[in-house]
Amino acid sequence: ALPILAPAQGVGSYALEVTNNMADYTESHMKFGVHETSEVETLFPLVGPLYGGTMVTIIGEHFVASPDLFCRFGSNGSLPVAARWVDSSRIECFSPASTGSASNVSVEVTSNNQQYSTSNVVFEYQPPVQVLTISPAQGPIGGGMVIVVAGRHFSERSAALGYLHCAFNKTQVPVKWLNASHLECVSPQAMHGYVPVEVNTN
């Protein structure tokens, strides 16, 4: 392999040939593409748990379908993760596990696994939520009961973004954030019997 530093060029496709004597060039007909610099405008969701695995949709400009399309969560030392190209303004990738505690990291994009965007759009790693108790633990099948959920790491930012929900089995309902350890939500209609109650932060 012969490393080459590409010169500045306008957007387009260029022939790439090699010479040993500045006179006779190869005739391989290889093409080198130059495109606009990718820009990240926003993410969805903007938060996810420390253990990773959140599918993040990245909205922006000039995303190129490439085998070297990657996202990076964090600084230059962070490992890239493969991205799925949807169109020139949207790609998807899964957040990797955080290497530290809860923190905010920038999410950047590359189409060649070398030069990354410099948009500084932030993704927040949050500690995983835990549900400890609910009160009351039963109510009418018609729903409408205010339930207090006690637990850990209920995010005020997730609530402000509209991400925070209670899930009764698979039925999601909005919550009222009280503090980092208490939420209120209203039970939905349900069949007779017990259902799991969980909290979703993104």
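The questions and answers below walk through a predicted model of one protein chain.

Me: How many helices and strands are there in the chain?
Reply: The chain has 202 residues, and its regular elements are of two kinds, helix and strand. Counting them gives one helix and 17 strands.

Me: What percentage of the residues of the chain count as buried?
Reply: The chain exposes about 12,400 Å², with carbon and sulfur atoms supplying 55% of that area. Set beside this exposed surface is the share of the 202 residues that count as buried, which is 32%.

Me: What share of the contacts with a separation of 6 or more comes from residues 24 or more positions apart?
Reply: The contacts considered here are those in the chain whose partners have a separation of 6 or more. Among these, the share that belongs to residues 24 or more positions apart is 56%.

Me: Is Glu 41 buried, partly exposed or exposed?
Reply: Glu 41 belongs to strand 3, which covers residues 39-44, and together with Glu 36, Glu 39 and Glu 61 it forms a negative surface patch. Its relative accessibility is 47%. Because the class between 20% and 50% applies to such a value, Glu 41 counts as partly exposed.

Me: Is Glu 92 buried or exposed?
Reply: Glu 92 sits in strand 9, made up of residues 90-94. Leaving aside its neighbours within four places in sequence, Glu 92 is in contact with several residues, including Met 55, Val 56, Thr 57 and Arg 84. Its relative accessibility is 12%, and since buried means under 20%, Glu 92 counts as buried.

Me: Where is Leu 69, and is it buried or exposed?
Reply: Leu 69 is placed in the loop between strand 5 (55-61) and strand 6 (70-73). Once neighbours within four places in sequence are set aside, its contacts include Val 64, Trp 85, Ile 91 and Val 109. With a relative accessibility of 3%, this loop residue counts as buried.

Me: What distance separates the C-alpha atoms of Leu 69 and Ile 91?
Reply: Leu 69 and Ile 91 are 22 residues apart along the chain, and Ile 91 is one of the residues in contact with Leu 69. The separation of their C-alpha atoms is 9.2 Å.

Me: Which residue does a cis peptide bond join to Phe 44?
Reply: The bond in question has an omega of about -5 degrees. The partner of Phe 44 has its place in the loop between strand 3 and strand 4 (47-49), and that partner is Pro 45.

Me: Which residue does a cis peptide bond join to Ser 135?
Reply: This bond has an omega of about -5 degrees. The residue joined to Ser 135 is found in the loop between strand 12 (130-135) and strand 13 (146-152), and it is Pro 136.

Me: Is Asn 120 buried or exposed?
Reply: Asn 120 lies in the loop between strand 10 (103-110) and strand 11 (121-126), and its phi is near 60 degrees, a positive value in a residue other than glycine. Its relative accessible area is 56%, and because exposed means over 50%, Asn 120 is exposed.

Me: What is the phi of His 153?
Reply: His 153 has its place in the loop between strand 13 and helix 1 (156-160), where it counts as partly exposed at 37% relative accessibility. Although His 153 is not a glycine, its phi is positive, at about 65 degrees.

Notes:
Residues numbered from 1 in each chain as written. Predicted model: local features only at pLDDT ≥ 70, side-chain atom pairs only at ≥ 80, totals over all residues. Heavy atoms only, no water. Helix = DSSP H or I, 4+ residues; strand = E, 2+ residues; numbered from the N terminus. Buried < 20%, exposed > 50% of the residue type's maximum accessible area, 1.4 Å probe, protein only. Contact = heavy atoms within 4.5 Å. Areas by Shrake-Rupley, 256 points an atom, 1.4 Å probe, with all protein chains shown as cover. Patch = residues over 30% accessible without salt bridge, like charges linked within 9 Å, V, L, I, M, F, W, Y side chains within 5 Å. Salt bridge = Lys/Arg side-chain N within 4 Å of Asp/Glu carboxyl O. Lys, Arg positive; Asp, Glu negative; His and termini not counted. Charge placed at Lys NZ, Arg CZ, Asp CG, Glu CD.
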